[in-house]
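Student: I am new to this structure and would like a close look at one part. Please take me through a single sheet slowly, and then show me what else is there.

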Amino acid sequence: MGEASGSAVLLEDTFRVSSVDREGKIFQRVSRIEGSSQLYEVQITLDVHSELYPIEVGQYHSLLLASSLSLDGTENKGSYNIHENQSNTLLSKYSYCMYGKIFKHAMDRNLLVVHISFGGLLMTITGQPAELAQLEPDSLVYLLLRKLY
Amino acid sequence: MSLKKPLKFVKLESFCSHIDGVKFSIPSSADIQKLSTIEVVNKQLYDEEHIKTISHGLLDLRLGISEKSKVCGTCSQKLTECPGHCGYIKLTLPIFHIGYFKHTLTLLQVICKKCAGLLVSSEDFKIKWLAYYHRPTKLDIIERENIFKVIVKECKKNKKCINCGYTNGTVKKIGLKIFHEVSGEANEINPIDALKLFSQISPIDTELIGMSGDEARSERLVMTHILVPPVCIRPSVQVSQGVSNEDDLTVKLQELLNLNLLIKATLDEGKPLSKIVSEWEYMQAIAAQYINSEASGLPPSLVQSKPIRALTQRLKGKHGRFRGNLSGKRVDFSGRTVISPDPNLSITQVAVPVSMAKILTFPERVLPYNLKYLQNLVINGPFIHPGANSVEYKDGTKLSLQYAKRKEVSETLKTGDVVERHMANGDYVLFNRQPSLHRISIMAHEVKVMNYKTLRFNECVCTPYNADFDGDEMNIHLPQTQEARTEIKELMKVAGNILTPKSGEPIIAPTQDFLTCAFLLTQKDTFYDRGTFFKYLNFFSDAKCHIDIPVPAILYPKELWTGKQLFSVLLRPTKKIQKVVNVEVKERNYSGKGECMCIRDGWVTIRNSELLSGNLCKTTIGAGSKGGLIFFLVRSHSAAEASEFMLRMSKFSSRWTMEKGISIGISDVTPSNLLLDNKKDILGSSMKECEDMIELWKEGKLPLKPGCNAEETLESVLNGKLSQIRDKLGELLKNSLNVFNAPYIMAISGSKGSNINLSQMIACVGQQTVSGKRIPDGFWCRTLPHFPLNDRSAVGKGFVSNSFYSGMTPTEFYFHTMGGREGLIDTAVKTAETGYMQRRLMKSLEDLSIKYDYTVRTSTNEIAQFLYGDDSLEPMKMEDDEKPVHFPRLLEHVKASILREKISLTPYRITFISAQELTKRRELNRPGQEGFLCDIERFIEDTAKKYADLREFLGMNRGDKKEFVQEQSKAEAAVSNLINLTEKQLLAFFHTCWDKFDKAVITPGEAVGAVAAQSIGEPGTQMTLKTFHFAGVASMNITLGVPRIKEIINAVKDISTPIITARLLNNKSIVSARIAKGKLEKTLLGDVAYYVKEVFTQKGCFLSVKLDMQAIENLRLEINAEKVKQAIILYGKLKLKNNNIIVIRDDKLRIEPSETSREKLYFSMQELKNKLPKVMVSGIPTIERAIINEDEKTNKLSLLIEGYGLKDVMQTPGIDHRHCTTNHIMETEEVLGIEASRRTIINEIKYTLKEHGIYVDPRHIALVSDVMTFKGQILGITRFGVSKMRDSTLMLASFEKTADHLFDAAYRGSYDPIQGVSERIIMGKPVCLGTGLSTLLYNPQKSACRVPRERPLLFSSFK
């Protein structure tokens, strides 16, 4: 399953951006993007910092949801450490990273919607329930993005 | 130990004899003499030189003194010690006592004027009613009044005395005289006659007429002696040497004395009778004035423009003795100054200026543990702040520290001494702002002594006090005993009052700027880098507390934290705080779809104290909602937690907002071009519609609304349309303004202002109204002379299309002032009205409390409710729907806060565990819990079923059968992600439920009456006087607001808008509805007659009436000529007989006048012609009109009937009598009984409050309603009703009609046991509510108490 090893990876996929701020730009520095993934066929809605990571319709991005940044998959503790060494982590391979929490699972017809909040920047992943079972409620996750083309 | 002065630490009660009750009676002349020290005979006050007071005069030194320089002649004490002594005047001729004049009159009416026997028809009658008086149980007030009425009625009816056979006439009063009219001749009954008659009345007869035996003898109603009050209550004021101003009472007494001597002289000299009589009459009037200067029946010559302050006047009214001095007293140890805000204080604190702290002291007893502390205070003395003002030694001597050698004093301080120390940090004080409309207008705050001159507190606490900082002043009181201090600390502390007892909603919560701050901070695009984030973290913590820093939301390419993360830290600074918050709220700016994915970020999710989505506005952190954060903190955790959060929030807000800066400028209210275009469109189209409407109206083609004429229809349609424009524009603005616009921020976050204010400033001021209608015509056919006659246009009737920004035209401005003035007058009128309403409510409900058996009783142990609120739960502790637990929210909280497991419980296990828990709980058998248990049961069943359904939907076993075995599989894991309920969580759910229920059970002693009165009275101040349209039917207005509440509470017989709502048997067919309507509505002949013509022929004259059969058919009335004939005959005023009316055809009749003489014929015809149209031919006379109402949802028809006559409506065919209700309370009682009217009162109050957007817990309303009905008849909360509910004379005297109640009590010889709240306050005893509910059954100290032994008098054994 790609570069990152083992248990830390929860979801890895490539998605195509189908819309940016479909219902109008409400917030200055935050855009809501929507897209559908290629591999797992999940729908993705995501708020991103539009100045730090500008996204346009039609682009392809690689997405990784992981429970830890370290390459060896050791668990993160969920608290901030200024002196943390960020080299040799997943960060080096991606260009945008957010940290947040899975907080809600809901059913939309026969699809499961997983809600993740990155300090208020929200994300939903909509897909088959069985495919998303590894995304447990209340677990802390890293979201990593990288533009492909 | 000497007991010279009772020490303040111990209740006075234990040392002094105390008052158990008060007995009222009329003093006999002997009593008066016994009370007196001297007889007053000298009319002179002073000697010739005006230096000494004259002996046996009104200012005799033996009557007490009013000047500091003198010494009392009786007790030789000084002004401050001498209580004063009475004297008396012996009257030469007896006179009527004005206070008992009514009683005297009634008494004379019921006795034989010859033998003074009661004028009853037989002795049996006496015996029968006497038995009632001698019943072992005490007579109820209503019973007593009724018996008295029956006896008086009986005696007034009988003229002939059964004893002596004398035939009595009627007794009447003219002025201050009483006359006996026998066979057309009026004989005066003068006081001498009355006195003679009264002294002959037998004891049995006196008892029958309501005077209780020995104390109240009837002859005492007539005055033979006048008691002269002590000088100290009628002090003379020395104006200059030789001139003094005497009190009104002294002046009147002097006049009396003068007259008394004059009459004596006249009698002695044997002057003509007429002279004596006129002097006697004059004296009667003066004596009346002495007692009550506003008495009716005084001769006009004596009525002054400014009545003197006579005895009655001294007692009555707001500033009279009862309300001004006995019920409310001036107090020591209190302070008052201007208030100002301080967000750095906790909500529980108050900052007190040092200058104030140095004056307000607390008497602290020296004990070994505080010796050092108090010694230091003593050394500091009165001028250095934590100091002390004086020391009271154990032996009772007091020493001021101002001039004492403080060092020495501090060294001699011993255990048992008392130090009056300054108020210091940590003391508890009562903090109060008038008007004290509810109990949270007075709360206990912790003192923080600070510099400067104002009292300061956290802004969050403004709401309960209704305070602002535009110059408001507030009071503080420092309790003086440890008991009092503990009591206020525990029972009245701010933290205990975050939720209002009115409804259980939070009332202390972040307001205004704090909301603005929270809104801006939690915007989705607020990001902070490390430096800024860390700085902000210190804003709320004072850099003192431990903070766990969260991982930034954006880690790469730059570390950025969001505002929401900052808020999460503020909510829960460290993970050491175990208690977490779980809240989900639909915010004010929720777009309506997507829940937490709402594009405006209007869905707040807080999970485990982490703000995950949504911006925070008023709904989440503000006051007044049960779904919010503050409510959750208080209910699920503790008030302290909530209070700490509020402190952090306010500290943070003030600093953060200061740094960010928020300001308003002209650019904020400048409309954009887009908006102007939109406004133009909206205005244009609305104006067009209005003009079309007016055009239609002019042509007479306007389709009428039910029950309205064309003009009314037009007005109501136009008013509705034009009023909407402002709101429409406001809505538009809300969506078009951005987050940099200050007014918008304030409106959205709920800190100040609303859409309307935005709209008025930026877009359009809107339609101006006066009493709910467009501006009325002030000129002939127009509002102002600027408009053409009969102008109905929007502009001409007060529509203001400009905004405050664009500026109003002169006419617009004028209309705007008209609307504004109405608002001002409204508030002015309202405050007075609600204030009085509040007072009455309070007086009638003050002594209701919960007893240990959970009944609600009055102070005299009358039961008002058998189980408080039918479930004995406290309104303050209710969550949604008046229930103690909101189950879905609790379940969510439990699920989030308790660690989840991989696999969830199966639906079967859920129901199984729940059943177990419920059985365990049922065995406890707590009162009132059954309903609650059923609610839980239902909720758990629903939840389990929902989970089972979900499992089924996902293609799994439902899992709700015992046989099902759960296995570890991927599918189970997936479903557990969705459901996720473990056994631990479920048990925690039940545990919390029981806990909340047990805590919600009301505490015995709780003054539920007072709380209910405040909960109904306080919202009154928020209501406007407006009447609103009735659901859907434009023409049918019903009174709302304060006037309606007043009507309900007063139990008014003649309400302004009586409406009967009737369900129809056939609620689908409009035809049958019309038939029923026709049968109900009052229809006059004039309404259905085609014509009423005069016909003059040679044969005779008659009136010809033709019925409009078409109209009759349309209205579905059942009227024909024959019926009209019967109606005319029955109509009494016309005096027409059967043969005067001839039915010609089914629709035609001929009416001949009964008077046929030549002179009168014409006039008789005219009279008939005028009166005939007013003959009622069908319907119920009390019903003006009925309107068919169609329910918008169900399309069912019902009738709304304006007027009285519920009984008649119920009997009408076609009406479903089982579902007829009226909003008239008295009528409901009459027709359906007391229980129905109780329900009506509850429903009507609830409805009225709801229309004003006010929510009050139904338990309060039910209690008010119960008090109005528990006597078996409806008693309004007025002076009449209250005097039927309460027997206590003192309480009634302190309410209204002070003197009347006192005289009445004396007449009856009644006894007041001092049990109610008012009486106990008057007597200075602790009230029997709350902590005063329980007392000692046996007080061992009492026997040791030093009550003076009664000494035998010289001749007492001789009796």
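Tutor: Happy to! Two strands pair if DSSP finds at least two bridges between them. Strands themselves are DSSP runs of E with at least two residues, while helices are runs of H or I with at least four, both numbered from the N terminus. Please keep in mind that this is a predicted model: local features need pLDDT of at least 70, side-chain atom pairs count only at pLDDT 80 or more, and totals for chains, interfaces and linings use all residues. Residues are numbered from 1 along each chain as its sequence is written, and chains are lettered from A and ligands numbered from 1 in the order in which they are written.

Now to our sheet. In chain B, β23, β24 and β25 lie in that order as an open sheet of three strands, and their pairing is antiparallel. At its edges stand β23 (583-586) and β25 of chain B; each has a single partner strand, so one side of each has no neighbour in the sheet. From one strand to the next, the twist averages 20°; such angles run from 0 to 180 degrees between N-to-C directions, along lines fitted to C-alpha atoms (for helices, over the stretch in contact). The antiparallel pair β24(B) and β25(B) is joined by three bridges. One place to find on your screen is B:Arg607, whose bridge partner in β25(B) is B:Glu610.

Two strands of this sheet also help chain B meet chain A. The contact between the chains takes 38 residues from chain B and 39 residues from chain A, where two residues are in contact if their C-beta atoms, placed from the backbone, lie within 7 Å. On the chain B side, β24 (603-607) and β25 (610-613) each supply at least two residues, as do β21 (554-556), β22 (561-562), α18 (563-571) and α30 (970-978). The largest share of that side comes from α30(B), with six residues.

One of those contributors, β21(B), pairs across the chains: strand β5 (residues 96-108) of chain A joins β21(B) in the antiparallel sense over two bridges. Here B:Ile554 in β21(B) is the bridge partner of A:Met98. Chain A itself has zero helices and eight strands. Among its contacts with a separation of 6 or more, 57% link residues 24 or more positions apart.

With that in mind, try another sheet of chain B. It is also open, with three strands in the order β4-β5-β6 and antiparallel pairing. Here β4 (170-174) and β6 (185-188) of chain B take the edges with a single partner strand each, so one side of each is left free of a neighbour in the sheet. In this case the twist averages 35° from one strand to the next. Four bridges hold the antiparallel pairing of β5 (residues 177-182) of chain B with β6(B), and B:His180 stands opposite B:Asn187 in β6(B). Packed on this sheet is helix α2 (residues 101-110) of chain B, which touches β4 and β5 of chain B and makes about 160° with the direction of β4(B).

Finally, look at a hairpin further along chain B. Strands β42 (residues 1183-1190) and β43 (residues 1197-1203) of chain B run antiparallel, joined by seven bridges. B:Ile1183 faces B:Gly1203 in β43(B). Six residues lie between the two strands, and B:Asn1195 takes a positive phi near 60°.
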